[in-house]
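Thanks for sharing this one. Here are some notes to read with the structure open beside you.

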Amino acid sequence: MHEDLLTIGAFAARARLSAKALRLYDRLGLLAPAYVDASSGYRYYRADQVERARTVALLRQLDMPLTRIAEVVGAGGAEAAALLAAYWADVEARVAGQRTLAEYLRGRLSGRSDEMYGKFAVETVDVPAQVVISESRHTLADELPTWIGASLGRLEAAARECGGVAGAPFVVYHAEVSMESDGPAEACVPVADEAAARAWVERHRRTREIRVRVEPAARLAYTRITKAQVAHPQILAAFEAVEEWMAREGLEMAASCREVYFADWAAAGAGDPVCDVAFPVR
């Protein structure tokens, strides 16, 4: 054993950590001792491991997952800083979402539902039957926005082989999508040529859960929301506002609720109307 190695006690004092923490970091694969005595099991560290030990401890105070800590301490300078910045951006986005959700829940729990729902004007519209190509998936709420964008993009590209897009794309929720319930959800794009659509599905059905079907004519109760309001949980208030309006009007849900995307999402600003939250009613 080299004389310049530090005992775990001496190293812990220099790193301002406990020996228990160092044993944990070793067990987690974040900071291995430089040498372990085979007969005694004593751990020894190099002085130049102090900085890594302190960095690991600080990153754990940020509640960073162990896999990401390993990535940060395994990277060099600017790359490590970029990995930390990316992680913290994710944290701030999650906290912002939780803050908004907490405000939404305070409104519900305090009985201010009418105040929240009053922000949404509800109307009805009759829509004709449509031939649609669709893609279905079981997905949790945190994956839903990414999947919606990707699936509608794939279907709109496919529509070029099916006579073109013949109406506003929409997403149908056949069961609840939340952090505990995974739907399924169905992304749909109306197309002009049913025969071509069925041929397209036959060629591609093995790659994804896709199909062609006729969406029946329906009367929709809907409220129009902006791009900012599509975010969770604002969109939950929109769905509940429509449901409350339906109850007041004596209407029943005739089919699964949906989001109808009628605007160019990429070009829209936060305050621009982009989506109708809708329920088929009878």
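Which backbone oxygen does the side chain of Thr226 reach? Point 1 takes that up, and the other points work outwards from there.

1. **Thr226 and its surroundings.** Please keep in mind that this is a predicted model. The side chain of Thr226 reaches the backbone oxygen of Ala270, at 3.5 Å. Thr226 belongs to strand 9. Is Thr226 buried or exposed? Its relative accessible area is 18%, and buried means under 20%, so Thr226 counts as buried. Leaving aside residues up to four places away in sequence, Thr226 touches Ala270, Gly271, Asp272, Pro273 and Val274.

2. **The sheet of 8 strands.** Strand 9 is one of 8 strands that form an open sheet, in the order 4-9-11-10-6-7-5-8 and with antiparallel pairing. Strand 4 (122-127) and strand 8 (210-215) are found at the edges. Each of these two has a single partner strand, so one side of each is left without a neighbour in the sheet. On average, and with direction ignored, neighbouring strands here are turned by 30° against each other.

3. **One pairing within that sheet.** If you would like a place to check the register, try strand 6 (residues 170-173) and strand 10 (residues 258-261), which run antiparallel and are joined by 3 bridges. Phe170 has Val260 as its bridge partner in strand 10.

4. **Helices lying across the strands.** Which strands does helix 9 lie across? Helix 9 (residues 234-249) lies across strand 4, strand 6, strand 9 (218-226), strand 10 and strand 11 (273-281). Its direction is at about 35° to strand 11. Helix 8 (residues 194-204), for its part, lies across strand 5 (130-137) and strand 8, and runs at about 155° to strand 8.

5. **Arg208, after helix 8.** The loop between helix 8 and strand 8 holds Arg208. This residue is partly exposed, with a relative accessible area of 40%. Not counting residues up to four places away in sequence, Arg208 touches Glu135 and Arg154. For a sense of distance, Arg208 and Ala81 are 38 Å apart in space, C-alpha to C-alpha, and 127 residues apart in sequence.

6. **The sheet of 3 strands.** A further open sheet has 3 strands in the order 1-3-2, again with antiparallel pairing. Strand 1 and strand 2 (35-36) stand at its edges with a single partner strand each, so one side of each has no neighbour in the sheet. Strand 2 pairs with strand 3 over 2 bridges, in the antiparallel sense. Tyr35 has Tyr44 as its bridge partner in strand 3.

7. **Helix 1.** Ile8, Phe11, Ala12 and Ala15 are the buried residues of helix 1. Why do they line one face of the helix? Seen down the axis of helix 1, these buried residues fall within an arc of 100°, so they share one face. The general background is that an α-helix has 3.6 residues a turn, so residues three or four places apart point the same way. The buried residues of helix 1 pack against strand 1 (6-7), helix 2, strand 3 and helix 3. Just after helix 1, Arg16 takes a positive phi of about 60°.

8. **Helix 2.** In helix 2 (residues 19-27), the buried residues are Ala21, Leu22 and Tyr25. Viewed down the helix axis, they fall within an arc of 100°, so they line one face of helix 2. Lys20 and Arg27 are exposed on the other side. The buried residues of helix 2 pack against helix 1 (8-15), strand 3 (43-45) and helix 3 (50-61). Gly29, just after helix 2, has a positive phi of about 80°.

9. **The chain as a whole.** The secondary structure comes to 9 helices and 11 strands. What radius of gyration does the protein chain have? The value is 27 Å, whereas a compact globule of 282 residues would have one near 19 Å. Taken along the principal axes, the C-alpha atoms fill a box of roughly 85 × 55 × 35 Å. Of the 282 residues, 38% count as buried. Among contacts between residues at least 6 apart in sequence, 67% join residues at least 24 apart.

Methods: Residues numbered from 1 in each chain as written. Predicted model: local features only at pLDDT ≥ 70, side-chain atom pairs only at ≥ 80, totals over all residues. Heavy atoms only, no water. Buried < 20%, exposed > 50% of the residue type's maximum accessible area, 1.4 Å probe, protein only. Helix = DSSP H or I, 4+ residues; strand = E, 2+ residues; numbered from the N terminus. Arc of directions from axis to C-beta. Contact = heavy atoms within 4.5 Å. Pairing = 2+ DSSP bridges. Axes fitted to C-alpha atoms, helices over the stretch in contact; angles between N-to-C directions. Polar contact = N/O pair within 3.5 Å; in protein donor to acceptor, adjacent residues only side chain to side chain. Rg over C-alpha atoms; globule rule 2.2 N^0.38 Å.
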